[in-house]
Amino acid sequence: MSKRESRNLLMGLDVGTSKVVCVIGEVMPGGQIEVVGLGQQPSRGLKRGVVINIDATVQSIRRAVEEAEMMANARVQSAYVGLSGAHIKSHNSVGVVPVSSREVSHRDVEKVIEAGRAIAIPADQKVIHVLPQEFVVDNQEGILKPEGMFGVRLEAKVHIVTGSMSAAQNLQKCVESCGIHVDKLCLQHIASSSAVLLPDEKDLGICMVDIGGGTSDIAVFKGGSVRHTAVLPIAGEQVTNDISVAFRTPTQAAEEIKIKYGCALPQLITEDEEIQVPSVGEGPPRRLSRLTLSEVIRPRYEELFRFVRKELHRADWYDAIAGGVVLTGAASMMPGVPELAEEVFELPTRLGPPHEVTGVRDVARSPAYATAVGLLIYARSQNNVRMPVNENRTAAFWMDRVSTWFKGNF
Ligand SMILES: Nc1ncnc2c1ncn2[C@@H]1O[C@H](COP(=O)(O)OP(=O)(O)OP(=O)(O)O)[C@@H](O)[C@H]1O
Ligand SMILES: [Mg+2]
């Protein structure tokens, strides 16, 4: 078998509100993931994390996959796909089973997790994850790996994530229309947190906030396991919208100004510059101060962090996150955001770029790729390593791919 034929490849597809990212990771012999392919396209078919236009979404996914496959020089048949949106609900539940033969077996663990899943959910929701938090063998609490332990009663505390059946089906349909089988839909915040959080942080207690374009996704970890997840409908798009309304400028111009000059803390602006802002319609561009821009941006981020804090208090996790807060997602990259978050949360806050992967540099360094990279890490944890198909591409294949790409882009 040649070296290239033995490549173990995984694909992660982050179908976000602002962008679709496809990453292909190669699992190296030591288990390390090297990102060998990256494709990114603007996303035009989603609103607040949910598919609202199938054709536009399929087009973005197809192009992102083609780009990633071309870079990786391989084709991957299936992917782990991120899911989010306001329809996501989470519950904590408990399952109990008798230990079948004195010593806890793998089958007992499967059965107890299955028992924990037995909660009433509305008919239009489906279970996305049943994530074990900890096990109790007889009266011994806080066990993470119960296999092999002696006991008669096995209890599992689990975190159950459910989502709208139709939202999940629409996303799955979009991916499958591109010829990619969906290995599993994975909650975007579960994916992002496996890419940006450190084991010590998950142990001590931490809250991760992935601030995207349409939603901000929250995941709380303590004792090494996920304890709470939530989705808030405030994110980068509202910030752009605020700028657009306040400065009476088109959305695209507001987006560009935000990324180029935006700052979430006015006090960090030492030298006030004037920026040129295009007008709506035919009016001449105007000059406005960068400080004013910052004063427009701050309230929306502050509102978001106040909501997150309120959610942490509501779910009773605020006092448990001694490790503080980790921010990720592209909208967390604005200067002043971690400082503002620290002020609102009154907890240490850091920015979370993905770790654990090597390869394409942008992917390993930018919080914008946390979900996509996290999907690869999640896929690896499921031991689902896919072989590439048809690796030795002919020149005709690549000509065909390049011509499809050109047709799609122009
Ligand atoms: N350098 C930057 N500074 C501030 N904001 C940024 C920067 N780069 C991107 N953004 C904003 O981040 C948002 C997109 O974030 P991201 O790419 O994580 O979203 P997404 O994953 O597509 O969406 P979602 O997760 O909500 O479905 C946009 O609102 C964009 O304006
Ligand atoms: Mg996202």
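**Exercise 1. Find which residues, beyond its neighbours within four places in sequence, Val360 is in contact with, and place Val360 in the chain.**

Solution. Step 1: set aside the neighbours within four places in sequence; Val360 is then in contact with Val35, Leu38 and Met71. Keep in mind as you look that this is a predicted model.
Step 2: look at the local setting. Val360 sits in a loop, with β19 (357-359) on one side and α10 (361-365) on the other.
Step 3: try a residue elsewhere in the chain. Arg102 is 258 residues away from Val360 along the chain, and 49 Å separate their C-alpha atoms.

**Exercise 2. Work out how the protein chain is divided into domains, and where the SHS2 annotation falls.**

Solution. Step 1: read the domain assignment. Domain 1 is made of three stretches, 4-85, 167-197 and 354-409. Domain 2 covers 89-163, and domain 3 covers 210-351.
Step 2: turn to the record. An unreviewed UniProt entry carries the annotation "domain: SHS2" for residues 10-196.
Step 3: describe that span. Residues 10-196 are 27% helix and 43% strand, and their end C-alpha atoms are 19 Å apart.

**Exercise 3. Describe how domain 1 and domain 3 meet: how far apart are their centres, and how much area do they bury between them?**

Solution. Step 1: start with the distance. Taken over C-alpha atoms, the centres of domain 1 and domain 3 are 27 Å apart.
Step 2: count the residues taking part. Domain 1 gives 19 residues to the contact and domain 3 gives 23.
Step 3: add the area. About 1,500 Å² is buried between domain 1 and domain 3, with 63% of it on carbon and sulfur atoms. On the domain 1 side, Arg48, His189 and Pro367 supply 38% of the area buried against domain 3, more than any other three residues.
Step 4: check the pairings. Between domain 1 and domain 3 there are zero salt bridges, but six residue pairs are in polar contact.
Step 5: see which helices are involved. On the side of domain 1 that touches domain 3, α4 (188-196) and α11 (370-381) each supply at least two residues. The largest share, six residues, comes from α4.
Step 6: sort that side of domain 1 by residue type: seven nonpolar, 11 polar and one charged.

**Exercise 4. Explain why Glu255 and Lys258 are separated by about one helical turn.**

Solution. Step 1: recall that side chains of opposite charge can pair when their charged atoms come close.
Step 2: find the pair. The side chains of Glu255 and Lys258 form a salt bridge, at 3.9 Å from N to O.
Step 3: use the helix. Glu255 and Lys258 are about one helical turn apart because they lie three residues apart in helix α7 (residues 251-261).
Step 4: put the pair in context. The count for the model comes to 16 salt bridges.

Note on methods. Residues are numbered from 1 along each chain as its sequence is written. Chains are lettered from A and ligands numbered from 1 in the order in which they are written. This is a predicted model: local features need pLDDT of at least 70, side-chain atom pairs count only at pLDDT 80 or more; totals for chains, interfaces and linings use all residues. Side-chain values use heavy atoms; hydrogens and water are left out. Domain bounds come from an automatic or database domain assignment. Contact means heavy atoms within 4.5 Å. Buried area is the accessible area (1.4 Å probe) that two parts lose on being put together, summed over both. A salt bridge is a side-chain nitrogen of Lys or Arg within 4 Å of a carboxyl oxygen of Asp or Glu. A polar contact is a pair of N or O atoms within 3.5 Å; within protein, one must be able to donate a hydrogen and the other to accept it, and residues adjacent in sequence count only if both atoms are side-chain atoms. Helices (H or I, at least four residues) and strands (E, at least two) are DSSP runs, numbered from the N terminus. Ala, Val, Leu, Ile, Met, Phe, Trp, Tyr, Cys and Pro count as nonpolar, Asp, Glu, Lys and Arg as charged, and the others, Gly among them, as polar. UniProt positions are given in the numbering used here, feature names are shortened, and annotations may be inferred rather than shown by experiment.
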